[in-house]
Amino acid sequence: MDETETAAQLDLTLERIGPRLQALRLRRGVTLAEVAASTGISKSTLSRLETGQRRASLELLLPLAREYRVSLDDLVGAPETGDPRVRLRPRTVNGRTVVALTRQPGERHAWKILVPHSVQEPRLTSHEGSSWMYVLSGRIRLIVGDRDVVIESGEVAEFDTRTPHWFGAAGDQDAEILTIFGTYGEREHRSAELATRHLSEVLGEL
């Protein structure tokens, strides 16, 4: 690809950012004023970005990526709105590898998590919501309140996350799980906040 083709491709990518930003905002049901208040970017600048009158910059895109809960790469180069394919992007935090299986806002958030075996002291946490967990491989030690159980491969656990809880790999092998976190009729932004908190606790960030 020569320099002319590269420049043309870059221009096309930048042109698509505006419609993508608008689609993300509308899909989340928020106004320009609300996004402006939460990001610190003026309403007029946001409007010009969405209509293509303002060229996107890293300084503007970073807070918007955080606001819309998508990666910067997805914000810039994701497929057009309506493409049903989900591009899975694993990330590793504190030794645990997580892959988000859902990207749309809502009451349900799903992840696939690789939990490495380690000698780790349980640290129980609690918050609004409920958790469903299926063990794909290995074994999981799950503590919920005063219950301390081991879930084998192929077994399922479900619990209220308002009860103090913790889980980790049991034994000397890694474990792999599918987990779904849900909320009880919370507003979309509140549901997303709780899901983010739950995932941070799962990964040991809190």
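## Exercises on helix faces and sheets

A polar atom of the Thr39 side chain lies 2.7 Å from the backbone oxygen of Val35. The model is predicted: local features need pLDDT of at least 70, and side-chain atom pairs count only at pLDDT 80 or more, while totals for chains, interfaces and linings use all residues. Residues are numbered from 1 along each chain as its sequence is written, and side-chain values use heavy atoms, without hydrogens and water.

**Exercise 1. Describe the surroundings of Thr39.**

Step 1: Place the residue. Thr39 belongs to helix α2, residues 32-39. Helices (H or I, at least four residues) and strands (E, at least two) are DSSP runs, numbered from the N terminus.

Step 2: Find its polar partners. Besides the backbone oxygen of Val35 at 2.7 Å, the backbone nitrogen of Ile41 lies 3.3 Å from a polar atom of the Thr39 side chain. A polar contact is a pair of N or O atoms within 3.5 Å, one able to donate a hydrogen and the other to accept it; residues adjacent in sequence count only if both atoms are side-chain atoms.

Step 3: Look further along the chain. Setting aside neighbours within four places in sequence, Thr39 touches Pro63, Leu64 and Glu67. Contact means heavy atoms within 4.5 Å.

Step 4: Check burial. Thr39 counts as buried because its relative accessibility is 17%. The cut-offs are under 20% for buried and over 50% for exposed, with partly exposed in between (1.4 Å probe, protein chains only).

**Exercise 2. Which residues of α2 and of α3 are buried, and how are they arranged around each axis?**

Step 1: Take α2. Leu32, Val35, Ala36 and Thr39 are buried. They line one face of the helix, because they fall within an arc of 100° seen down its axis. The arc is taken over the directions from the helix axis to the C-beta atoms.

Step 2: Take α3, residues 43-51. Its buried residues are Thr45, Leu46, Leu49 and Glu50. Their arc is only 135°, so they sit on the same side of α3.

Step 3: Inspect what follows each helix. Gly40, just after α2, has a positive phi of about 85°. Gly52 follows α3, and its phi is positive too, near 80°.

**Exercise 3. Write down the strand order of each open sheet.**

Step 1: Start with six strands. The order is β1-β2-β3-β9-β4-β7, with antiparallel pairing. Strands pair if DSSP finds at least two bridges between them. β1 (91-93) and β7 (156-160) are the edges, each pairing on one side only.

Step 2: Count bridges at β3 (residues 108-115). β3 shares four with β2 (residues 96-100) and eight with β9 (residues 175-182). Val99 is partnered with Lys112, Ile113 with Ile177, and Arg108 stands opposite Gly182.

Step 3: Turn to three strands. Their order is β6-β5-β8, again antiparallel. The edges are β6 and β8 (165-169). β5 (residues 140-144) and β6 pair over five bridges, with Val144 opposite Arg147.

**Exercise 4. Where is confidence lowest and where is it highest?**

Step 1: Take the whole chain. Mean pLDDT (the predictor's confidence in each residue, from 0 to 100) is 78, and 72% of residues reach 70 or more.

Step 2: Find the extremes. Helix α6 (residues 188-202) is lowest, at a mean of 65, and strand β6 (residues 147-151) is highest, at 96.

Step 3: Flag one stretch. Residues 78-82 have pLDDT below 50, with nine contacts beyond near neighbours in sequence.
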